[in-house]
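Hi,

Here is the two-chain structure we talked about. Have a look at it first, and then read my notes underneath.

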Amino acid sequence: MAEKSYDAVVIGGSSGSMEALQKIIPSLNRQLKIAVIVVYHIHPDSGDFMVKYLGQRSELAVRQPIDKEAIEPGVVYIAPPNYHLLVERNRSFALSIDEPVNYSRPSIDVLFQSAADTYTEKLVGIILSGANTDGSLGLKYLKDRGGLAIVQNPETAEMGTMPKGALSAASVDHILDPDGIASFLNQMAK
Amino acid sequence: MSVDNQQIEIDLLLQAIYIKYGYDFRDYAGASIKRRILKRLSSSGLGSVSEMQHRLLNDSYFFKQLLLDLSINVTEMYRDPSFYQTFREHVIPNLKTLSHVKLWHAGCATGEEVYSLAIMFQEEDLNEKTQVYATDINETVLRKAKEGIFPEDKIINSEQNYKKAKGSKQLSDYYFKKYSHVTMRNSLKKNVLFADHNLATDESFGEMNVILCRNVLIYFNQKLQDRVIGIFNESLVEGGYLCLGTKETISFTSYGNQFKEIDKEVKIYQKI
């Protein structure tokens with residue numbers, strides 16, 4: 001994988017994925033010079049809990065993106081609760097309060113599809129544990145545009161529905177456990 | 001950055017809409033616009049965005065449907081209760097000192113926020129001296145806003161948020177239930193003028209004490225955000241308040257230094 005370089009990583013997770021995120025995000029190397037963008041299904045009223053929690057444990061900066069903010073490498077962005085998070089063509093963020101997609105807002109599909117339009121083959125997509133299939137279409141879309149698809153091994157996921165859905169929707173490049181995902185990403189640090 | 005054919009088709013579609021019908025969506029945030037267009041495309045049975053373009057140029061009814069998809073219609077009563085609570089604590093006392101209040105809901109969609117604020121103004125005894133302008137680009141949603149009839153299932157959540165926003169009564173004191181809908185009381189819209197206004201193409205209108213435009217700017221690109229904040233700046237009196245959505249900011253526009261931040265969390269600004 002070292003021969004190919006990537007500009008961004010999108011990660012989607014739902015129930016049970018907190019455990020995986022807790023392993024992955026704090027393990028990321030300070031030298032990682034790509035943006036990591038996360039949609040985690042969380043209660044609409046949970047504020048910036050995730051940002052604080054992961055931020056205190058991580059070497060990389062962890063932030064909630066601001067609307068129209070330019071996407072910076074080496075930053076972990078967590079979608080704000082109750083908003084969809086989208087990537088614009090000029091590599092900035094946009095938020096939306098459009099209806100939930102797959103009963104979810106933020107929706108993983110919405111992030112993945114807009115990110116794939118922008119980053120095309122420079123994008124890595126990762127689907128973690130979850131009890132619904134949000135993200136399956138998004139991962140396939142990302143794959144169709146030349147991106148790299150990774151799915152958490154359903155056996156290591158608390159909820160297997162989401163990784164299994166992604167595996168059957170897209171031809172996935174790697175099936176890894178959370179530690180494997182972290183070391184895979186760290187290999188991209190140059 | 002390579003541009004795929006579909007993106008070219010979308011850009012041309014928006015251009016066609018502007019030339020033919022005068023609605024300018026060209027500076028809306030692209031990723032959401034694309035989702036909306038593709039959603040209509042898949043339900044229309046047409047084969048491509050170009051076919052949609054052909055259809056809407058020749059079929060104004062089809063355009064009206066698409067217009068409904070493209071305009072920002074998502075809203076709810078008392079979304080972000082902390083905003084209403086802060087407004088009550090920091091803005092209302094100031095408005096009470098005025099002899100007359102002019103308030104503009106820009107991009108009011110189906111009007112849920114218009115009624116949310118009207119309820120607060122009634123509870124604070126401000127309704128009698130307040131003139132409200134509620135504007136949107138879409139006549140269909142404006143008509144809905146004016147009717148003030150909302151599906152009952154959305155009200156349950158609003159009832160909880162009304163409480164969190166420190167409403168002094170029950171939300172149900174302000175509407176009648178009928179079948180599966182609720183109708184807002186007429187007294188709430190007595191001072192409200194519903195009117196057509198397009199933030200992308202129309203100009204300022206004046207002497208406002210408060211402008212509410214929540215979760216509309218997120219659908220615009222930076223250029224259009226700049227235009228719109230400029231209009232608001234022009235329309236507000238000195239010391240007037242600008243209320244945006246909690247995840248919106250004026251810091252990426254040229255007007256950042258024309259306002260002071262009253263509340264960082266809920267994005268209430270005051271014109272200097």
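Below is what I found, going from the model as a whole to the single chains and then to one lysine.

A bit of bookkeeping: this is a predicted model, in which local features need pLDDT of at least 70, side-chain atom pairs count only at pLDDT 80 or more, and totals for chains, interfaces and linings use all residues. Residues are numbered from 1 along each chain as its sequence is written, and chains are lettered from A and ligands numbered from 1 in the order in which they are written.

**Confidence**

The model comes with an ipTM of 0.91 and a pTM of 0.93. For chain B the mean pLDDT (the predictor's confidence in each residue, from 0 to 100) is 94, and 99% of the residues reach at least 70. Helix 8 (residues 152–164) of chain B has the lowest confidence in that chain, with a mean of 88, while strand 7 (residues 208–213) of chain B has the highest, at 98.

**Chain A**

Chain A has six helices and nine strands; these are DSSP runs numbered from the N terminus, with helices being H or I of at least four residues and strands E of at least two. Its radius of gyration is 14 Å, close to the 16 Å that the globule rule gives for 190 residues, so chain A is as compact as a globular protein of that length. That radius is taken over C-alpha atoms, and the rule is 2.2 Å times the number of residues to the power 0.38. The C-alpha trace of chain A spans about 40 × 30 × 30 Å along its principal axes.

Of the 190 residues in chain A, 54% are buried. Buried means that 20 or more other C-beta atoms lie within 10 Å of the residue's own; 12 or fewer is exposed, in between is partly exposed, and C-beta atoms are placed from the backbone. In helix 1 (residues 17–27) of chain A, the buried residues are Ser17(A), Ala20(A), Leu21(A), Ile24(A) and Ile25(A). Viewed down the axis of helix 1 of chain A, they fall within an arc of 110°, so they line one face of the helix. The arc is that of the directions from the helix axis to the C-beta atoms.

**Chain B**

Chain B contains nine helices and ten strands, and 46% of its 272 residues count as buried. The C-alpha atoms of chain B fill a box of roughly 55 × 50 × 25 Å along the principal axes. The domain assignment (automatic or from a database) splits chain B into domain 1 (5–70) and domain 2 (81–271), with 29 Å between their centres, taken over C-alpha atoms. Eight residues of domain 1 of chain B are in contact with ten residues of domain 2 of chain B, where contact means C-beta atoms, placed from the backbone, within 7 Å.

**Where the chains meet**

The contact takes 15 residues from chain B and 16 residues from chain A. On the chain B side, helix 2 (30–44) and helix 9 (222–235) are the elements that give two or more residues, and helix 2 of chain B gives the most, with three.

One residue to click on is Lys247(B), in the loop between strand 8 (236–244) and strand 9 (259–263) of chain B. Lys247(B) counts as buried because it has 21 C-beta neighbours inside 10 Å. Leaving out residues up to four places away in sequence, Lys247(B) touches Ile66(A), Asp67(A), Pro80(A), Tyr83(A), Leu95(A) and Ile218(B).

Cheers

Conventions: Contact = placed C-beta atoms within 7 Å.
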